[in-house]
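Me: I want to go through the charged pairs and the cysteines. Give me the reasoning behind each label, please.

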Amino acid sequence: IDAEKKTITVRNNDEGKEFALPFDSLILGLGAEPVNLSIPGAKEFIGRGIHFVSNLTEAENLQKAALDSNMKSAVVVGGGAIGLEVAVGLKHLGLDVHITKRTPPPFPGALDPSMGPYITDKLEEMGMHLHFGKGIDKISGDDSVTSVEIAGETIPCDIVVMAVGMRARTGLAEGCGLEVSRNGILTDDRMETSVPGIYAVGDCIESFSRIDGSRASMQLATAAYQMGTIAGINAAGGTTKYRGVLNTFLSMVGDMEVSAVGLTTEDAKDAGFENAKGIVTKGLIKPHFMPDATKLVLKLVVDGNDGKLLGAQAVGEQGAAWRINILSLAIGTGMTVFDIANAEFAYCPPVSDVYDILSQAADIAIKRLKLQRPG
């Protein structure tokens with residue numbers, strides 16, 4: 001990319017020819033690439049037992065390897081959405097699955113540590129072997145992987161899945177002089193980079209939080225879609241602004257929904273909300289007399305000064321996602337627990353309870369934090 005001349009040089013790989021394309025505006029959607037660990041064997045066995053899952057082709061390759069596995073044993077490195085979803089998939093394919101993660105809580109950045117046991121209990125119930133709080137030290141083999149070492153324990157396996165995070169692809173952007181941080185290409189609320197006329201969206205950028213305006217990144221498809229729309233409008237001569245990331249998140253661990261939005265309790269305090277409190281509520285998503293009334297654990301992160309919603313987390317077999325979606329709207333528009341407590345939700349026994357757990361959580365937060373209801 002020549003930012004000054006406003007041209008990009010393109011290579012036709014079929015013909016080996018290069019040519020220049022002029023641009024008035026340019027939108028970069030460079031994506032991200034999976035992170036590998038700097039441990040013995042991690043680099044040497046890529047393609048020979050070590051797998052990444054960042055696109056459909058890699059997922060298909062992993063599925064084939066699992067079906068063809070002689071040892072029927074796999075180690076998944078990482079406790080985020082990709083790692084745990086892949087672990088469940090491998091278990092369904094009949095493999096013995098070990099999950100290792102250097103820090104104990106699953107879904108770091110999305111859930112408070114106190115919500116972790118609901119996830120780990122589910123994984124153990126499914127027959128997973130958990131090595132949380134223990135790191136993988138070495139990957140061994142001959143022509144391909146035959147074992148890994150976790151905290152001194154040798155685990156035989158022929159499949160290792162690296163799911164320790166994604167790193168923004170920024171090389172092309174840096175090469176043309178765009179300002180870049182450790183999280184990605186820096187953009188403003190128009191999705192414009194440090195060079196006028198060049199925009200960037202999705203997993204390759206660092207944006208800002210809608211809650212407090214601090215710099216933030218969000219490598220999720222929903223944010224990328226909104227960013228792309230806004231960048232497209234502005235690149236074509238329009239004027240619109242991105243409101244910032246909320247990190248509205250959803251994953252499935254077996255039949256359990258794991259969902260979150262906004263700040264964790266620790267993140268809220270780090271962001272300057274010194275009186276942030278996490279309020280946990282447990283309840284049924286339908287009336288107790290319904291045979292399929294399942295439990296839900298809902299945690300609200302609330303500013304203890306004024307009741308402003310800062311974040312939320314929900315775990316349960318049903319209903320976590322749609323409640324987090326409501327709370328995402330509430331947080332994005334600056335609502336408080338009083339707004340949730342006063343909301344009128346639809347009631348029908350096969351679908352919901354007359355006193356929904358959302359209302360319960362808001363009322364409990366008001367009482368525990370001794371907040372004064374507005375007049």
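**Salt bridges and cysteines**

Reply: The whole structure has 14 salt bridges. The model is predicted.

Me: Why is the pair Arg102 and Asp137 called a salt bridge?

Reply: The closest N and O atoms of Arg102 and Asp137 are 3.7 Å apart. The cut-off is within 4 Å, so the pair counts. Arg102 sits in the loop between strand S7 and helix H3, and Asp137 in strand S9, so the bridge ties together parts 35 residues apart in sequence.

Me: What makes Arg102 buried or exposed?

Reply: Its relative accessibility is 54%. Exposed means over 50%, so Arg102 is exposed.

Me: And how do you know which label Asp137 gets?

Reply: Asp137 has a relative accessible area of 32%. That value lies between the 20% and 50% limits, so Asp137 is partly exposed.

Me: What makes Lys299 and Asp112 a salt bridge?

Reply: Their side chains meet at 2.9 Å, N to O. The limit is 4 Å, so the pair qualifies. Lys299 belongs to strand S22 and Asp112 to the loop between S7 and H3, so this pair ties together parts 187 residues apart in sequence. Lys299 and Asp112 are both buried.

Me: How do you know that Lys122 and Asp255 form a salt bridge?

Reply: The closest N and O atoms of Lys122 and Asp255 are 2.6 Å apart. Within 4 Å is what the label asks for, so it applies. Lys122 is in helix H3, while Asp255 is in the loop between strand S19 and strand S20, 133 residues apart. Lys122, Glu125 and Asp255 are linked in a network of salt bridges.

Me: Why is Lys122 called buried or exposed, and what about Asp255?

Reply: Lys122 has a relative accessible area of 10%. Buried means under 20%, so Lys122 is buried. Asp255 has 40%. That falls between the two limits, so Asp255 is partly exposed.

Me: How many disulfides does the structure hold?

Reply: Zero. Cys176 is in no disulfide, and the nearest cysteine sulfur, that of Cys204, is 11 Å away.

Me: Why does Cys204 have no bond to Cys176?

Reply: The closest cysteine sulfur to that of Cys204 is in Cys176, 11 Å away, which is too far for a bond. A disulfide needs the two sulfur atoms within 2.5 Å, so the label fails.

Me: What makes Cys176 and Cys204 buried or exposed?

Reply: Cys176 has 11% relative accessibility. Cys204 has 0%. Buried means under 20%, so Cys176 is buried, and so is Cys204.

Technical notes. Residues numbered from 1 in each chain as written. Predicted model: local features only at pLDDT ≥ 70, side-chain atom pairs only at ≥ 80, totals over all residues. Heavy atoms only, no water. Helix = DSSP H or I, 4+ residues; strand = E, 2+ residues; numbered from the N terminus. Buried < 20%, exposed > 50% of the residue type's maximum accessible area, 1.4 Å probe, protein only.
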